[in-house]
Amino acid sequence: MIRIGIDVGGTGIQIGAVDENFHIIVQDSIPTRTDLPFSEQMRQMTDCVQKMLSPASGSGLCLDDIASVGVGVPGIADREGNVIRCTNMGWENVPFRKVFTEYLDKPLFIDNDANVAALAESVAGVSKGTSSSVFITLGTGIGSGIILNGRIWSGFHGAGGELGHTILMSGGTPCTCGNRGCTERYCSATALIHMAREAVEIHPESEILTVAGSPDKINAKVVIDAAKHGDSLAEELFRRFVSYLAQTIANVVNFLDPEVIVLGGGVSKAGNFLLDAVQKEYPHYVLFNTLPLPDIKLAVLGADAGIIGASMLS
C-alpha cells in the first residue's frame, strides 16, 4: 500500500505517492488556483492524484493501492478535517475533508505545512531517531513544527507551533498578522531583505547594491553572499539577523529543551555559514547553558518534506 502526500503551496500544489520506506515513488503538481471555487480546487487535486496513478502514468499503481491521503496546508485545520484558516488560499472554515472525499473516497488527514515538514525530517530526515525536535523554516515568513514523542504537537486547538508570531520585540515592527514585533519580522528572509534595503540607502557603496543593481532586487542570498565576501555592511546585517535568530532558538530551548532543532527554508541554504554563526551565538541566551544543548542541524529533505510528511499523517 502507498500513502498520498499533498503539499499545498502559494504558487503550486505538489502531490506524491509515498511507500512504506518514505520514498516518493511518483509525483506530479498542479498550479495553485485561488480564483477557482473551493469545490473546483478539490476536484483538481483529486484529478491530479487519479492521473498520477493511471495506467498511462507508468507508475504501476492504482487507486486501490492508496491507504490514505495526507495534506499539508499553510494554515490550521481541526480534527474534523475542516481548514479553519488558510490565508494564502483564501480559505476560512472550509470543509476540506468532506468535499475532497466526495471526489476521492479515501481516509484523509490534514495538518499545517510546517508541522508535516517537521514530521518528515524526524522520521526520514536529519532528526531521524530522535523523539523530540523543532523544525524552523526561514522563508518569506517563519514556520515551525514541534515533534514530541515522535508525534506532531500542534496544541489542543490545532493552532500551536506558531513561532513566527511570538513576540520578539515589544512594540516593534508591524506584522501582517496585525501585531507588532513578531519574530518573523526580524529573522525571516523578508526581514533580512527589509533591513538591507533600508541600509543601502545610507551605504550605496555596499556590494549588496552593486550586485542587486537596485534596492527592489535585493534578496536574502545577495545579502548573505556579500557577507561571505567580507562586505562590511552585509556582515553587520548578517550579525544582526543571527542575533535575532539565536534569541528565537534560545527561547525554544528554554521553553521546550528538544533534542534537535532543524533549520529549513530558503535562508537555510546559506549552509554552514549560517549554522556555525547561530551555534556560536545562541548558547549566550540559554538559561542552563552549562548543560548539553540541543544540536542545530540543516534540513535535508528540501521540497520533498511536504509530500513525505503529509503522507505520514494519520
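Q: How many salt bridges does a search of the whole structure find?
A: Nine salt bridges turn up. Keep in mind that this is a predicted model.

Q: Why is the pairing of Arg33 and Asp35 called a salt bridge?
A: Their side chains come to 2.8 Å, N to O. The cut-off is 4 Å between a side-chain nitrogen of Lys or Arg and a carboxyl oxygen of Asp or Glu, so the pair qualifies.

Q: What makes Arg33 partly exposed?
A: Its relative accessibility is 34%. Partly exposed runs between the 20% limit for buried and the 50% limit for exposed, so that label fits Arg33.

Q: And why does Asp35 count as exposed?
A: Asp35 has a relative accessible area of 56%. Exposed means over 50%, so Asp35 makes the cut.

Q: How do you know that Asp47 and Arg43 form a salt bridge?
A: Check the N to O distance for these side chains: 2.3 Å. The limit is 4 Å, so this pair passes too.

Q: Where do Asp47 and Arg43 lie?
A: Both belong to helix H1 (residues 38-52), where they sit four residues apart, about one turn of the helix. There's a network here as well: salt bridges link Glu40, Arg43 and Asp47.

Q: Why are Asp47 and Arg43 called partly exposed?
A: Asp47 has 33% relative accessibility, and Arg43 has 29%. Both values fall between 20% and 50%, so both residues get that label.

Q: What makes Lys98 and Glu102 a salt bridge?
A: The closest N and O atoms are 3.2 Å apart. That is within 4 Å, so the term applies. As for accessibility, Lys98 and Glu102 are exposed.

Q: Why are Lys98 and Glu102 separated by about one helical turn?
A: Because they are four residues apart in helix H2 (residues 96-103).

Q: What describes the packing of helix H4 and helix H7?
A: Two packed helices are described by an angle and a distance between their axes. For H4 (residues 189-202) and H7 (residues 232-256), the angle is about 145 degrees and the axes are 10 Å apart. The crossing is right-handed.

Q: Which residues make the contact?
A: H4 brings Leu192, Met195, Ala196, Ala199 and Val200, while H7 brings Leu233, Leu237, Arg240, Phe241 and Tyr244.

Q: How do the residues of the contact of H4 with H7 divide?
A: Nine are nonpolar, none is polar and one is charged. Arg counts as charged, so the charged one is Arg240 of H7.

How values were computed
Residues are numbered from 1 along each chain as its sequence is written. This is a predicted model: local features need pLDDT of at least 70, side-chain atom pairs count only at pLDDT 80 or more; totals for chains, interfaces and linings use all residues. Side-chain values use heavy atoms; hydrogens and water are left out. Buried means under 20% relative accessible area, exposed over 50%, partly exposed in between (1.4 Å probe, protein chains only). Helices (H or I, at least four residues) and strands (E, at least two) are DSSP runs, numbered from the N terminus. Axes are lines fitted to C-alpha atoms, for helices over the stretch in contact, and angles run from 0 to 180 degrees between N-to-C directions. A crossing is left-handed if the near helix is turned anticlockwise from the far one by less than a right angle, and right-handed if clockwise. Contact means heavy atoms within 4.5 Å.
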